[in-house]
Structure formats: structure tokens, C-alpha cells
Amino acid sequence: MTTSSHPARTAVTRLSRLIATALLTTTLGACMSSPGGGKYDGKDDPLPVKSQQESLDWARQIIAHVAQAAGARINEEPEIFGFTPCTGRNGEHAPDGRYTLDYGVHADVPDDQQNDVLRKVRDLLTGEGLKVTEYREIPGGNPSAQPIAAFSARHPDSRYVMDVDSTEGHHRMSLAVRTPCLIPPSESSSSSSSPSPTAAGS
């Protein structure tokens with residue numbers, strides 16, 4: 001798991017919430033597919049199949065897509081990501097390696113532009129089918145005011161979740177995504193179809 005050295009408290013709160021829960025998969029229509037490759041909306045449906053590297057690559061792409069569309073420049077702080085085993089209702093774990101991914105970065109955004117970034121993210125993602133579950137602008141555009149800017153949306157079919165928030169410091173926002181429960185390819189299929197993944201970035 002990779003973490004930034006000195007994240008602002010607000011970003012830590014949001015990203016910690018990502019690590020603690022398991023929901024997320026966005027679709028980008030024709031330009032990008034969801035981490036599971038399609039719809040997953042029934043409790044008895046098979047889980048989307050994705051290797052950890054594939055889901056991490058997808059998360060990086062979706063975050064870059066959202067940041068570019070919103071005009072938010074991802075900064076040089078280390079990306080934050082973690083893979084968490086899926087847990088059943090009674091705390092049980094399946095032996096097939098199913099997992100969720102939580103991924104986040106920080107972007108440099110002037111305080112007086114953060115509401116505009118939030119609006120662009122909202123318009124982009126609702127246009128791509130996500131449903132907004134939280135939306136809060138900085139009151140009057142004043143970065144010292146409370147509450148801070150916050151946005152969260154969930155795709156109803158793919159079930160991925162996207163969060164964008166201002167942080168407690170100035171000129172900085174966090175962008176994060178979390179996947180639903182994914183299942184890695186079986187050892188036989190992964191070994192026959194592709195070379196073994198490297199350990200880099202784990």
C-alpha cells in the first residue's frame with residue numbers, strides 16, 4: 001500500500017473511509033470500461049473478474065480522466081491505494097482472493113476554483129450515469145468557511161464510487177475512487193493467458 005507522508009486531515013478522513021468500505025466501479029461510456037467490465041447488480045451475480053494490477057490501472061485512468069475534465073492538476077504527492085479482502089456479512093472471507101481497491105491522489109486547485117471543479121466533476125459523472133450521494137460547495141467560495149467542499153457519487157450498475165473533496169490545507173483537493181468486490185483471475189487462466197505480474201507498485 002502506498003501512502004502520502006503528510007496528508008491533510010480531511011483527505012485522510014475521506015480516504016480512510018474508502019479503505020474501510022467496499023463499493024466502486026465507474027464507467028466512462030465508449031472511452032473506458034468499468035473495472036469489472038460491465039453490469040453487476042444482483043447479489044447472486046458472479047463477481048467481476050479483474051487482477052489487482054488491472055484494477056489499479058483502471059483506477060489511475062478514471063482519476064486522470066476526471067482530473068483532466070475538471071481542470072484539476074494532480075500533484076507530485078504519492079498516490080494512496082490499498083487492496084482489502086472482501087468480507088461477508090458475518091465476517092467471513094472467501095478463499096478465492098476477492099478484494100476491493102481504494103485509490104486516491106491529491107490535486108493542486110486554487111481555493112477560489114474548488115467549487116468550479118466540484119461542478120465540473122458533478123456534470124461529468126452524472127452525464128456518465130453516476131448518481132450523486134453527496135454534494136456540498138464551499139459557502140460563498142470562502143476557503144476558510146465550513147463545511148468544506150465535498151462530492152460523492154456512485155454508479156448504480158457498476159457500483160463504483162467517486163469522491164472529490166477539498167482538504168484542510170489551502171489550494172488542494174483529494175480525488176478518490178473505490179471499486180466493488182472484484183475477483184482475480186484463476187491461477188490457471190491467468191498463467192495461460194498472460195505473463196506473471198511484477199511486484200512493482202504493490
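## A salt bridge in strand β4

The side chains of Arg 136 and Glu 134 come together in a salt bridge, with a distance of 3.3 Å from N to O. This description, like everything that follows, refers to a predicted model. Arg 136 counts as partly exposed, at a relative accessibility of 29%, and Glu 134 is likewise partly exposed, with a relative accessible area of 24%.

Strand β4, which spans residues 131-136, also holds Val 132. At a relative accessibility of 36%, Val 132 counts as partly exposed. When residues up to four places away in sequence are not counted, Val 132 touches Arg 122, Thr 126, Phe 151, Ser 152 and Ala 153. Val 132 and His 155 are 23 residues apart in sequence, and their C-alpha atoms lie 8.9 Å apart in space.

## Overall architecture

The chain contains 4 helices and 7 strands, and from the N terminus on these elements follow the order α-α-β-β-β-α-β-β-β-β-α. Of the 202 residues of the chain, 43% count as buried. Among the contacts between residues at least 6 apart in sequence, 67% join residues that are at least 24 apart.

## Packing of helices α2 and α3

Helix α2, residues 52-70, packs with helix α3, residues 114-127, at an angle of about 125°, and the axes of the two helices are 8 Å apart. Because an angle between 115 and 145 degrees falls outside the ranges for roughly perpendicular and roughly antiparallel, α2 and α3 are oblique to each other. The crossing in which α2 passes α3 is right-handed.

On the side of α2, the residues that take part in the contact are His 65, Val 66, Ala 69 and Ala 70, and these meet Val 117, Lys 120, Val 121, Leu 124 and Leu 125 in α3. By character, the residues of this contact divide into 7 nonpolar, 1 polar and 1 charged.

## Further salt bridges

In total the structure holds 10 salt bridges. Side chains of opposite charge can pair when their charged atoms come close. One of the residues in the contact between α2 and α3, Lys 120, also forms a salt bridge with Asp 116, in which the closest N and O atoms are 3.3 Å apart. Lys 120 and Asp 116 are 4 residues apart in helix α3, and therefore about one helical turn separates them. Both ends of this pair are partly exposed, since the relative accessible area of Lys 120 is 36% and the relative accessibility of Asp 116 is 33%.

What is the setting of the salt bridge between Arg 178 and Asp 163, buried or exposed? The closest N and O atoms of this pair are 2.8 Å apart, and the pair links distant parts of the chain, with Arg 178 in strand β7 (residues 172-178) and Asp 163 in strand β6 (residues 161-166), 15 residues apart. Both Arg 178 and Asp 163 are buried. Elsewhere, Asp 57, Arg 60 and Glu 79 are joined into one network by salt bridges that share partners.

## Loops and backbone geometry

The loop between β2 (80-85) and β3 (99-108) contains Thr 87. Apart from its neighbours within four places in sequence, Thr 87 is in contact with Glu 92 and His 93. Thr 87 and Arg 98 are 11 residues apart along the chain, and a distance of 9.0 Å separates their C-alpha atoms.

Most residues other than glycine have a negative phi. Arg 159, in the loop between β5 (150-154) and β6, has a phi near 70°, a positive value in a residue other than glycine. His 171 also has a positive phi, near 60°, again in a residue other than glycine. The place of His 171 is in the loop between β6 and β7, where His 171 counts as partly exposed at a relative accessibility of 44%.

Terms used. Residues are numbered from 1 along each chain as its sequence is written. This is a predicted model: local features need pLDDT of at least 70, side-chain atom pairs count only at pLDDT 80 or more; totals for chains, interfaces and linings use all residues. Side-chain values use heavy atoms; hydrogens and water are left out. Axes are lines fitted to C-alpha atoms, for helices over the stretch in contact, and angles run from 0 to 180 degrees between N-to-C directions. Angles under 35 degrees count as roughly parallel, over 145 as roughly antiparallel, 65 to 115 as roughly perpendicular and the rest as oblique. A crossing is left-handed if the near helix is turned anticlockwise from the far one by less than a right angle, and right-handed if clockwise. Contact means heavy atoms within 4.5 Å. Ala, Val, Leu, Ile, Met, Phe, Trp, Tyr, Cys and Pro count as nonpolar, Asp, Glu, Lys and Arg as charged, and the others, Gly among them, as polar. A salt bridge is a side-chain nitrogen of Lys or Arg within 4 Å of a carboxyl oxygen of Asp or Glu. Buried means under 20% relative accessible area, exposed over 50%, partly exposed in between (1.4 Å probe, protein chains only).
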